[in-house]
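Walk me through this structure, starting with its charged pairs and ending at its surface. Keep the steps short.

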Amino acid sequence: QVQLVESGGGSVQPGGALRLSCEASGKIYSINSMGWYRQAPGMQRELVASISGGVSTYYIDSVKGRFTISRDSLENTVYLQMNSLEPEDTAVYYCHANVSPTYYFDMDYWGRGTLVTVSS
């Protein structure tokens, strides 16, 4: 079993910054990718940013230039630095990881979510 524990959410004014963290623990042979999804009220969950192989990154267009995803492989932790936050970024942010508990297969795991509120 693999657990993902998120931290770093909160409330901030427009233009502010927050840093989300997510640490993976448990039975881990390798972590294939980690990322952050978000879900705003009444909206579908969407992929915000992901990192695979430690270097290959993806960002949704609306956060390019404002958010940065990074990963500490030794600590099995992924970070999302969010700058120039906008009210439209308000959502519950979920950590996701594709993990191989053994050499033979992989599984998707989710954190419980952390709320980010951007409001004046």
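Which residue forms a salt bridge with Glu86? In this predicted model, the partner is Arg66, and the closest N and O atoms are 3.8 Å apart. Glu86 sits in the loop between β8 and β9, and Arg66 in the loop between β6 (56-59) and β7, so the pair ties together parts that are 20 residues apart in sequence. The two ends are covered to unlike degrees. Glu86 has a relative accessible area of 33% and is partly exposed. Arg66 has 11% and is buried, because buried means under 20% relative accessible area.

This pair belongs to a wider set. Arg38, Glu46, Arg66, Glu86 and Asp89 are linked in a network of salt bridges. Within that network, Arg38 pairs with Glu46, with the closest N and O atoms 2.8 Å apart. Arg38 counts as buried at 6% relative accessibility. Glu46 counts as partly exposed at 30%. Side chains of opposite charge can pair when their charged atoms come close.

The count of salt bridges comes to five. One of them joins Lys64 to Asp61, with a closest N to O distance of 3.0 Å. Here Lys64 is exposed, and Asp61 is exposed as well.

Next, the covalent link. A disulfide is a covalent bond between the sulfur atoms of two cysteines. The count here is one disulfide. It joins Cys22 to Cys95, with an S to S distance of 2.1 Å. Cys22 lies in strand β3 and Cys95 in strand β9, so the bond ties together parts that are 73 residues apart in sequence. The torsion about the S-S bond is about -85°, so the disulfide is left-handed. Both Cys22 and Cys95 are buried.

Now the interior. The largest nonpolar core has 30 residues, and Trp36, Leu80, Met82 and Tyr93 touch the most other members. Two or more residues each come from β1 (2-7), β3 (18-26), β4 (30-39), β5 (46-52), β7 (67-72), β8 (77-82), β9 and β11 (114-118). The largest share, five residues, comes from β9.

Take Met82 from that list. Leaving out residues up to four places away in sequence, Met82 touches Gly16, Ala17, Leu18, Leu20, Arg66, Phe67, Tyr93 and Val116. Two of these names have come up before. Tyr93 is among the core residues that touch the most other members. Arg66 is the buried partner of Glu86.

A charged residue can be followed into the same region. Glu6 lies in strand β1. At 14% relative accessibility, Glu6 counts as buried. Its contacts, not counting residues up to four places away in sequence, include both disulfide cysteines, Cys22 and Cys95. Trp36 and Tyr93 are also among the residues that Glu6 touches. So are Ser21, Tyr94, Gly111, Arg112, Gly113 and Thr114.

How far apart in space are Glu6 and Tyr29? The C-alpha to C-alpha distance is 21 Å, for a separation of 23 residues in sequence. Ser120 and Pro14 give another case. They are 106 residues apart along the chain, yet their C-alpha atoms are separated by 6.4 Å. Ser120 lies in the segment after β11. At 84% relative accessibility, Ser120 counts as exposed.

Check the backbone as well. Two residues other than glycine have a positive phi: Asn76 at about 50°, and Ser84 near 50°. Asn76 is in the loop between β7 and β8. Ser84 is in the loop between β8 and β9, and Glu86 lies in that loop too. Ser84 counts as partly exposed, at 40% relative accessibility.

Finish at the surface. Which residues form a nonpolar patch there? They are Tyr29, Tyr103, Tyr104, Phe105 and Met107, with about 670 Å² of accessible area together. Tyr104 is found in the loop between β9 (91-102) and β10 (105-110). Its relative accessible area is 74%, so Tyr104 is exposed. Tyr29, a member of this patch, is the residue placed 21 Å from Glu6, C-alpha to C-alpha.

Terms used: Residues numbered from 1 in each chain as written. Predicted model: local features only at pLDDT ≥ 70, side-chain atom pairs only at ≥ 80, totals over all residues. Heavy atoms only, no water. Patch = residues over 30% accessible without salt bridge, like charges linked within 9 Å, V, L, I, M, F, W, Y side chains within 5 Å. Areas by Shrake-Rupley, 256 points an atom, 1.4 Å probe, with all protein chains shown as cover. Salt bridge = Lys/Arg side-chain N within 4 Å of Asp/Glu carboxyl O. Helix = DSSP H or I, 4+ residues; strand = E, 2+ residues; numbered from the N terminus. Buried < 20%, exposed > 50% of the residue type's maximum accessible area, 1.4 Å probe, protein only. Core = buried A, V, L, I, M, F, W, Y, C linked by side-chain atoms within 4.5 Å. Contact = heavy atoms within 4.5 Å. Disulfide = S-S within 2.5 Å.
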